[in-house]
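Could you walk me through how this fold is put together, from the strands in the middle to the aromatic contacts? Keep it relaxed, but do spell out the cut-offs.

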Amino acid sequence: MKVSGIVCEYNPFHNGHLYHIRETKKNGATHIVAIMSGNFVQRGETAIMDKIERAKLAVRSGADLVIELPVQYCLSSAERFAEGAVWLLNSLGVVNEISFGSECGDIAHLSKALDMIEDVIKTKSEEIRGIMKMGYTYPTALSSVIDGIDESVADIIKEPNNLLAIEYLRSLKKFGSSIKPFTVKRKGTEHDSKTTVDEYASASYIRDKIGDGYGAELVRNFTTPLWADAIAKAVGTGEISDVNRLERIILYKVRTSTAEEIAEINDVGKELENRIYNARMSGSLDELLFTVKTKSYTMARIKRILLSLLIGIKKSDLTRLPPYGRILAINERGKEILGAAKGKAKIPYATSISKLSQKGSVSKRFAELEIRASDIYGLSLKTITSAQRDYRAKIMIDFE
């Protein structure tokens with residue numbers, strides 16, 4: 001039994017994801033645990049389809065056990081996103097490897113990049129801050145400093161999947177984990193590419209085409225029939241999400257929040273606090289985003305902050321690691337993973353968020369945020385769903 005962990009969003013699942021799962025199994029994985037983002041994703045948007053549906057489809061596409069990454073980690077930096085996911089994998093006590101895609105495709109090169117990043121952070125902090133004062137983001141400043149030391153490493157950290165891969169390695173190191181890293185070289189199109197290569201298209205491309213009204217037919221060549229059918233059904237029933245449907249409540253939340261309340265939100269510094277507060281009378285979501293945006297902050301970070309404000313995710317909510325693992329879908333092999341984890345897991349894993357919320361005050365807070373996030377997500381669908389769906393969710397239990 002070799003258990004491999006995959007961190008994913010499947011927003012939506014495409015042929016590149018299928019290739020990744022197949023390569024992970026070729027590397028010897030007999031069981032796969034997927035740590036999946038819920039209804040909000042790291043780019044600062046709503047997931048295109050509900051998390052329960054995506055988890056069900058993931059189990060039917062090669063994963064065996066799907067565990068939800070808590071919303072505060074989904075709407076956070078790459079470092080925190082990776083930290084939460086690796087913690088959930090490590091806490092199971094039976095995961096042998098973590099498998100992730102990267103543009104680099106070489107663990108040794110990624111490890112070298114991590115070592116250099118950590119060294120530069122310690123020894124070149126003043127230089128990094130100096131570049132940031134010129135209006136550049138932290139990643140750009142860091143890359144600029146490293147470029148003057150080792151161009152090959154600088155090239156590695158310019159690629160988004162490489163950066164996330166490095167964060168997985170950092171988290172493994174932080175937790176002293178015995179989980180071994182394995183990387184699959186990204187195949188097909190680049191991250192967020194607006195073009196296609198053979199049967200490969202980015203999730204961004206697929207989402208754009210669905211949003212433009214092409215439905216599932218145009219994207220059928222770039223995903224599996226199972227997912228294409230599910231997307232077509234969701235389009236027909238009004239269950240495709242669009243973050244722009246949250247425009248009015250985001251504007252309401254910003255307009256009615258004090259500067260002090262904004263300052264408490266995760267990832268908000270003093271300058272951002274003032275910029276968001278001063279932009280509170282914006283007349284549209286686009287106006288709000290572009291009023292707040294500067295060279296110093298990525299658009300994804302601004303979007304994550306606004307959604308965190310809407311949900312109520314505070315800085316204090318990122319001071320605790322996930323106290324439980326909520327199971328969104330599971331099959332027979334997934335049951336074997338849980339069986340092996342019995343007596344080894346550091347935190348509880350279960351399907352019921354109601355029961356998990358009763359494990360203590362920290363668990364209660366995590367569950368409250370998740371339920372609130374799902375209630376808000378329901379307003380982003382064309383066909384608005386009722387509240388408290390997390391309590392009534394039918395978890396996919398596929399035991400043959």
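Here is a tour that goes from strands to a helix, then to the cores and the aromatic pairs.

A word on conventions comes before the tour. This is a predicted model, so local features need pLDDT of at least 70 and side-chain atom pairs count only at pLDDT 80 or more, while totals for chains, interfaces and linings use all residues. Residues are numbered from 1 along each chain as its sequence is written, and side-chain values use heavy atoms, with hydrogens and water left out.

Let's start with strand β2, residues 31-37 (helices, H or I with at least four residues, and strands, E with at least two, are DSSP runs numbered from the N terminus). Seven of its seven residues are buried, so β2 is largely enclosed by the rest of the structure. Buried here means under 20% relative accessible area, exposed means over 50%, and partly exposed is in between, with a 1.4 Å probe and protein chains only. His31, Val33, Ile35 and Ser37 point one way from β2, Ile32, Ala34 and Met36 point the other way, and all are buried.

What sits beside β2? Strand β1 (residues 3-8) runs parallel to β2, joined to it by six bridges; two strands pair if DSSP finds at least two bridges between them. Valine 3 has histidine 31 of β2 as its bridge partner. Between the two strands the chain passes through helix α1 (residues 15-26), and this β-α-β crossover is right-handed. That term means that, with the strands pointing away from the viewer, the path from the first strand over the helix to the second runs clockwise. Strand β5 (residues 65-69) also pairs with β2 in the parallel sense, over five bridges, and there isoleucine 35 has isoleucine 67 as its bridge partner.

β1 gets similar cover: six of its six residues are buried, so β1 is largely enclosed by the rest of the structure. Val3, Gly5 and Val7 are buried on one side, and Ser4, Ile6 and Cys8 are buried on the other. Isoleucine 6 is a handy residue to click on, as it stands opposite alanine 34 in β2 and opposite serine 99 in β6. That second strand, β6 (residues 97-102), pairs with β1 in the parallel sense over three bridges.

Now for helix α4, residues 78-92. At 1.5 Å a residue, its 15 residues should span 21 Å, and the end C-alpha atoms are 22 Å apart, which agrees; the expected span is 1.5 Å times one less than the number of residues. Twelve of the 15 residues are buried, so α4 is largely enclosed by the rest of the structure. Among those buried residues are Phe81, Trp87, Leu88 and Leu92. Right after α4 comes glycine 93, with a positive phi near 85 degrees.

In soluble globular proteins, nonpolar side chains tend to be buried together. A nonpolar core here is a set of buried Ala, Val, Leu, Ile, Met, Phe, Trp, Tyr and Cys residues joined through side-chain atoms within 4.5 Å. The largest one has 90 residues, of which Phe40 and Leu92 touch the most other members. α4 gives the most to this core, with eight residues. Beyond its neighbours within four places in sequence, leucine 92 has contacts (heavy atoms within 4.5 Å) that include Val33, Ile67, Ile337 and Tyr349. Apart from this core lies another, of 32 residues, including Ala55 and Ile395.

Finally, the aromatics. Rings of Phe, Tyr and Trp (its six-membered ring) pair if their centres lie within 6.5 Å; planes under 30 degrees apart count as stacked, over 60 as edge-to-face and the rest as tilted. By this rule there are seven aromatic pairs. Phenylalanine 40 and tyrosine 377 have ring centres 6.3 Å apart and planes at 80 degrees, so the pair is edge-to-face. Their pairing links distant parts of the chain, strand β3 (residues 40-41) and helix α19 (residues 361-377), 337 residues apart. Phenylalanine 40 counts as buried at 1% relative accessibility, and tyrosine 377 is buried with a relative accessible area of 2%. Tyrosine 324 and phenylalanine 366 form an edge-to-face pair too, with 6.5 Å centre to centre and 70 degrees between the planes. Both tyrosine 324 and phenylalanine 366 are buried. Tyr10, Phe13 and Trp227 form one aromatic cluster.
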